[in-house]
Amino acid sequence: MVNYWYKNAVIYSLDIKSFADGNGDGIGDLAGLMQKLDYLACLGINCIWLQPLHPSPWKDGGYDVADHYAIDERLGSLPEFIKMTELARERGIRIMMDLVANHTSDQHPWFKDARKHKNSAYRDYYVWETERPRYHRPNIIFTGKQDSNWAYDKMAKAWYYHTFYPFQPDLNISHPKVQDEIKNILRFWIKLGVSGFRIDAVPHMLRKKGKEQLPGDAHDLLRKLRTFVDEQGEDIVLMGEADTQHESYSDFFGERDQLHMLLNFHLNNHLFLALAQKKARPLTESLNELLPNSADCNQFANFVRNHDELNIGQLNSTQQKTVLNAFAPDNNMRIYETGIRRRLPTMLNNNPRCIKLTYSLLFSLPGTPVLRYGEEIGMGDALALSERNSVRTAMQWTDGKNGGFSNNSSSWPTISKGPYSFKHINVAAQAQDRNSLLNTLSRMISLRKAYSAFGWGQYEIIDCEHPGVLIHVCRRDSNVAVAIHNFTGDTVDVSLSLPEEERALFTEILADQAYEQLNGKVRINGYGYRWFCRWPLA
Ligand code: MG
């Protein structure tokens, strides 16, 4: 039987180098992560998505991979990795890792060899042109920071294609040997205990580059990878990053023969629009467009923020202006035209009610929740750092040296000043506070996993007379969960249009505060949230 564990998973995304330094060299590592597994188990997550941990020059946060079959020695070793997966599994935590196969670092041995001569065995691993390509900007990603998709290499005496930065040459994925390498990479890490892969830049992998193009239907590549991982084990999951038009999302699922999961950029953008407009409608519309059949085993993975900029490219220009004006009023907060390089709390002016409302949505909406390290304590950003490094500062564990991240004086960047400093925002302080964001999120995670209607159920939006309130129901057989969210700052009383016999069996399992019982109506505070549940009674 196929194992659909991902439907009820709560994923925690972390970058090892900025999470916890176990050996005192100033950089996070596997030893540090192993020390924190109990913390993660306590938080309640059951899957860790590791950002790239391979050898890399770290010119793009590790997404410039220099060897897919090894661990960067600053982060640890392969034996430590195996030990970490075992320790995680003991705690019911699976490991998912990034598969970066659209491109490599220019320091990858394949590229170094490919540059040397035309007859290199690796020459065809990359995309080359001997003449300067006429159309040299077919797919610019970093608007304002990147002016071409082609770079000239003197040693190769040829131009090579790069979707992203010039130090990240694209692999020629149409080449059978490159496809074999991708399978070898998957097999290698599955054997070391990995349960899934977050595939980086999926639409770019399938795209035509120069003269190189996947033959026939480009999605056949994803079908091949799905068949391959299914052969390796019933619980290996492929989760794709495809920040593209939402109309094409279903193409990446195929007939349940491509990706298992897709990161939900459309819902993410509409979540921020709903927060900016203080209206439920953007979320309702996004859900209705994306999930005509939410009980399907194709699964979206929902998130609030990730390691990149918040790219609001899924919204139209008027909606983009609304979100940018609300959450990134200064130029320094923006990047690549439609991106915001901030974390959630700074965007919400550190309003604890708005922050908790947002995570209540993340953990109750249909789709697997993905939390990024530091979100559970409300970490801020460091706009003084360049580009997306603003949201990649070290995890804040205590109010001590380097926030408890490392005892080394040249530590990974930390936030040591201002209201978001580790002196004010850290795990140790919040663990002792019943009402902290950490304990609130931990409670949400535990309820989300326990009430399977959330992860497995069919969802339905319930009509609500107030435009600022979202009511949704998740049903799995006779298990029912209802969540109510108020996007406005005002207290309102709303009707719950559900059969009386169903309502009578509801128990409130979570709320922003205690509420009195009203006759026929349900009260919800400004930026409040309430979860109700019923389960079969004997
Ligand atoms: Mg270290």
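This section describes the domain layout, a metal site, one helix, one small sheet and one buried serine in a predicted model.

The domain assignment divides the protein chain into three parts: domain 1 (5-101 + 176-446), domain 2 (109-161) and domain 3 (458-534). Domain 1 is thus given as two segments. The centres of domain 2 and domain 3, taken over C-alpha atoms, are separated by 55 Å.

A magnesium ion is bound by protein donors from D21, N23, D25, I27 and D29. The donor atoms lie 2.1 to 2.3 Å from the ion. D21, D25 and D29 each contribute OD, and N23 contributes OD1. I27 donates through its backbone O. Along the sequence, the donor residues follow the spacing D-x1-N-x1-D-x1-I-x1-D. Two of these positions were examined for burial. I27 has a relative accessibility of 17%, and therefore counts as buried, the cut-off being under 20%. D29 is also buried, at 3%.

Helix α11 spans residues 317-327. Its buried residues are Q320, V323, L324 and F327. Viewed down the axis of α11, these residues fall within an arc of 100°, so they line one face of the helix. T318, K321 and N325 are exposed on the other side of α11. The cover over the buried residues includes the helices α9 (265-277) and α12 (344-347). It also includes the strands β12 (334-335) and β13 (339-340). At the N-terminal end, α11 is capped by N316. A side-chain oxygen of N316 lies 3.1 Å from the backbone nitrogen of T318.

Both covering strands, β12 and β13, belong to an open sheet of 3 strands. The strand order is β11-β13-β12, with antiparallel pairing. β11 (310-311) and β12 stand at the edges with a single partner strand each, so one side of each has no neighbour in the sheet. The antiparallel pairing of β12 with β13 runs over 2 bridges. In one of the bridges, R334 is partnered by I340 of β13.

S364 is located in helix α13 (residues 352-364). Its relative accessible area is 0%, so S364 is buried. A polar atom of the S364 side chain lies 2.8 Å from the backbone oxygen of S360. Leaving aside residues up to four places away in sequence, S364 touches R448, F454, H472, C474, A483, H485 and W531. By the domain assignment, S364 falls within domain 1, whereas its contacts H472, C474, A483, H485 and W531 fall within domain 3 (458-534).

Definitions and conventions. Residues are numbered from 1 along each chain as its sequence is written. This is a predicted model: local features need pLDDT of at least 70, side-chain atom pairs count only at pLDDT 80 or more; totals for chains, interfaces and linings use all residues. Side-chain values use heavy atoms; hydrogens and water are left out. Donors are N, O and S atoms within 2.8 Å of the metal (3.2 Å for Na, K and Ca); water is not among the atoms, so sites may look incomplete. Buried means under 20% relative accessible area, exposed over 50%, partly exposed in between (1.4 Å probe, protein chains only). Helices (H or I, at least four residues) and strands (E, at least two) are DSSP runs, numbered from the N terminus. The arc is that of the directions from the helix axis to the C-beta atoms. Contact means heavy atoms within 4.5 Å. A polar contact is a pair of N or O atoms within 3.5 Å; within protein, one must be able to donate a hydrogen and the other to accept it, and residues adjacent in sequence count only if both atoms are side-chain atoms. Domain bounds come from an automatic or database domain assignment. Two strands pair if DSSP finds at least two bridges between them.
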